[in-house]
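Let's take a walk through this protein together. Have your viewer ready, and follow along as each part comes up.

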Amino acid sequence: MAGVSAANKCASKGWNVAIVDALPYGGTCALRGCDPKKILRRGAEIIDSARLMRGKGIDEGGLSINWADLMKHKHGFTDPVPQNMEDSLTGNGIDTLHGVARFTDENSIEISGNTYEATHFLIATGARPRPLDVPGHEYLVDSTDFLDLEVLPPRILFVGGGFISFEFAHISARAGSAPTILDRGARPLKGFDPDLVELLITRGADAGIELRRSTTITAIEKSESGYQVSVERSGQPETLEFDLVVHGAGRTPELAGLDLDAAGVEWDEHGVHVAAHLQSPTNPAVYAAGDSANTPGMPLTPVAVFEGKVAASNMLKATTTVPDYAGVPTAVFTIPELARVGMLEQEAKDQGIDIAVRYSDTSGWYSNYRIGETTAAAKILIDRSSDRIVGAHLLGPEYGELINFLALAMKLDLTTRQLRSMTAAYPTVGSDLGSML
């Protein structure tokens with residue numbers, strides 16, 4: 001999406017623009033990530049919602065996910081994306097190329113034996129699963145494979161304690177599988193408030209998700225009934241049996257095949273080295289955005305989009321505008337969902353900010369009582385000296401939408417007094433915001 005947003009912006013100003021991808025057009029988010037994942041989650045939401053209303057007027061007997069039909073629903077969205085996106089780009093006068101691109105010098109790339117020269121290049125190649133150096137790593141499937149499973153197996157191991165593992169495990173558990181998350185650290189979802197993460201882990205356990213902390217995978221072997229996975233915790237080895245092992249242990253920029261050294265572009269495992277305005281300091285013709293750029297921005301599609309637009313603007317105008325990363329929210333779409341914007345509590349304390357921590361157990365509030373949810377909470381961090389929000393952390397149904405209010409308040413530098421002055425439609429989840437503050 002970084003590449004598409006930049007290409008359209010440059011073409012709209014009359015520049016001669018080409019874009020290339022070795023994969024079908026659409027990018028990770030639309031084809032292999034955010035969008036299809038949340039379509040599958042819809043099935044899990046319905047199952048979970050019915051279970052929460054058991055004994056409250058809903059008899060969910062016989063309700064189940066038909067995985068094949070749910071996957072067909074997903075394909076109804078993803079299948080048209082590549083052609084629609086390519087048609088949109090060509091309609092805007094952009095040349096759409098296909099193949100693997102690699103630099104041959106500072107101003108040239110080669111694609112399928114053809115050489116292309118340009119004044120400016122934007123690298124927006126995204127990320128790929130981080131290689132796991134364990135015997136049997138070839139048996140791992142990645143998030144792309146999971147989102148295309150024709151049949152969901154009964155026993156699934158998710159390796160890594162991040163977004164991918166938690167979101168897929170929450171879908172799998174409601175679809176009838178027994179998922180296990182294996183995390184080599186003591187604290188999964190490290191980018192989120194630890195108190196809320198623990199509440200989510202307990203909620204997940206009630207749904208049938210097993211979490212193994214401080215556990216390292218040492219080998220994967222094919223067996224007659226699936227895969228034997230060797231793990232180790234506190235020096236104690238153990239062998240576990242699964243039908244599917246999914247890589248959820250982080251991603252790394254997809255740069256190895258670009259031959260960036262030939263273009264004089266500095267890069268490492270964190271991405272292309274860029275100045276704050278997204279230009280390579282070692283090759284001024286090259287810019288980078290999204291997951292492939294080493295920037296302060298989180299690896300999120302909206303961040304990639306606005307970095308792509310800023311890079312395009314700097315190319316067009318020969319300026320050095322720096323992206324504004326303030327007030328960018330992020331969410332883990334588990335059930336319920338976990339969301340964050342701004343600093344963690346410890347980060348704020350480490351910076352010496354005098355914070356008021358407004359913590360609310362919202363599980364008994366009307367919005368959650370209405371739907372039977374038993375796990376929900378909010379933690380909002382407010383700078384006492386300015387009455388401004390420096391961080392907000394939410395766990396609960398629809399809180400992925402609610403976090404946007406708090407992100408906007410941070411972006412516009414609103415005080416909590418100003419935010420509380422909003423009169424919300426009632427009864428809505430948004431109307432809970434004043435009480436959280």
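A good place to start is strand β14, residues 244-247, which is covered on both of its faces. L244 and V246 are buried on one side, and V245 and H247 are buried on the other. Keep in mind as you look that this is a predicted model.

From β14, step sideways to strand β8. The two strands run parallel and are paired over 4 bridges, with L157 standing opposite V245 of β14. On to another partner of β8: this strand, residues 155-159, also pairs with β9, again in the parallel sense, over 5 bridges. Here R155 stands opposite A178 in β9. Strand β9 itself spans residues 178-182 and is mostly covered, with 4 of its 5 residues buried.

How does the chain get from one strand to the next? Between β8 and β9 comes helix α7, residues 163-174, and the three elements make a right-handed β-α-β unit. Strand β9 then pairs with β10, residues 210-212, in the parallel sense over 3 bridges, and L182 has R212 of β10 as its bridge partner. To reach β10 from β9, the chain passes through helix α8, residues 194-206, in a β-α-β crossover that is right-handed.

These helices also help to enclose some empty space. Searching the whole structure turns up 2 cavities of 30 Å³ or more, and the largest cavity has a volume of about 50 Å³. Its lining consists of F166, H170, I181, L200, I201, G204, A205, I209 and L211. Which helix gives the most to this lining? That is α8, with 4 residues, while α7 and α8 each supply at least two.

For an open space, turn to the second largest pocket, which holds about 310 Å³. Of the 16 residues that line this pocket, E45, S49, I371, P397 and E398 lie nearest its centre. Helix α3, residues 34-52, makes the largest contribution to the lining, with 7 residues.

The residue that begins α3 brings us to the cysteines. The whole structure contains 1 disulfide, formed by C29 and C34, whose sulfur atoms are 2.5 Å apart. The link of C29 and C34 is left-handed, with -135° about the S-S bond. How accessible are the two partners? C29 counts as buried because its relative accessibility is 13%, under the 20% cut-off. C34 has a relative accessible area of 32%, so it is partly exposed. Another cysteine, C10, is buried, with a relative accessible area of 5%.

Now step back to the annotated regions. An unreviewed UniProt entry places an "FAD/NAD(P)-binding" domain at residues 1-308. This span is 31% helix and 25% strand, and its end C-alpha atoms lie 8 Å apart. The unreviewed entry also gives a "Pyridine nucleotide-disulphide oxidoreductase dimerisation" domain, at residues 328-430. Over that stretch the chain is 27% helix and 31% strand, with its end C-alpha atoms 19 Å apart.

Take a look at P302 in helix α9, residues 301-317. P302 has a relative accessible area of 54%, and it is exposed because that value is over 50%. The C-alpha atoms of P302 and V328 are separated by 8.6 Å, with their positions 26 residues apart along the chain.

Finally, a few details of the backbone are worth checking. Most residues other than glycine have a negative phi, and most peptide bonds are trans. A cis peptide bond joins I335 and P336, with omega about -5°, and P336 sits in the loop between β20 and β21. Y426 and P427 are also joined by a cis peptide bond, where omega is about 0°. The loop between α13 and α14 holds P427.

As for phi, S112 has a positive value near 50° and lies in the loop between β4 and β5. L278 has a positive phi of about 80°, in the loop between β17 and β18. Are these two residues buried or exposed? S112 is exposed, with a relative accessible area of 58%, whereas L278 is buried, at 0% relative accessibility.

Note on methods
Residues numbered from 1 in each chain as written. Predicted model: local features only at pLDDT ≥ 70, side-chain atom pairs only at ≥ 80, totals over all residues. Heavy atoms only, no water. UniProt positions renumbered as here; feature names shortened; annotations may be inferred. Disulfide = S-S within 2.5 Å. Buried < 20%, exposed > 50% of the residue type's maximum accessible area, 1.4 Å probe, protein only. Pairing = 2+ DSSP bridges. Right-handed = clockwise from strand over helix to strand, strands pointing away. 1 Å grid on protein atoms, 1.4 Å probe; cavity = no way out; pocket = protein on both sides within 12 Å on 5 of 7 lines; lining within 4 Å. Points joined across faces, edges and corners; volume = space filled by probe spheres on them.
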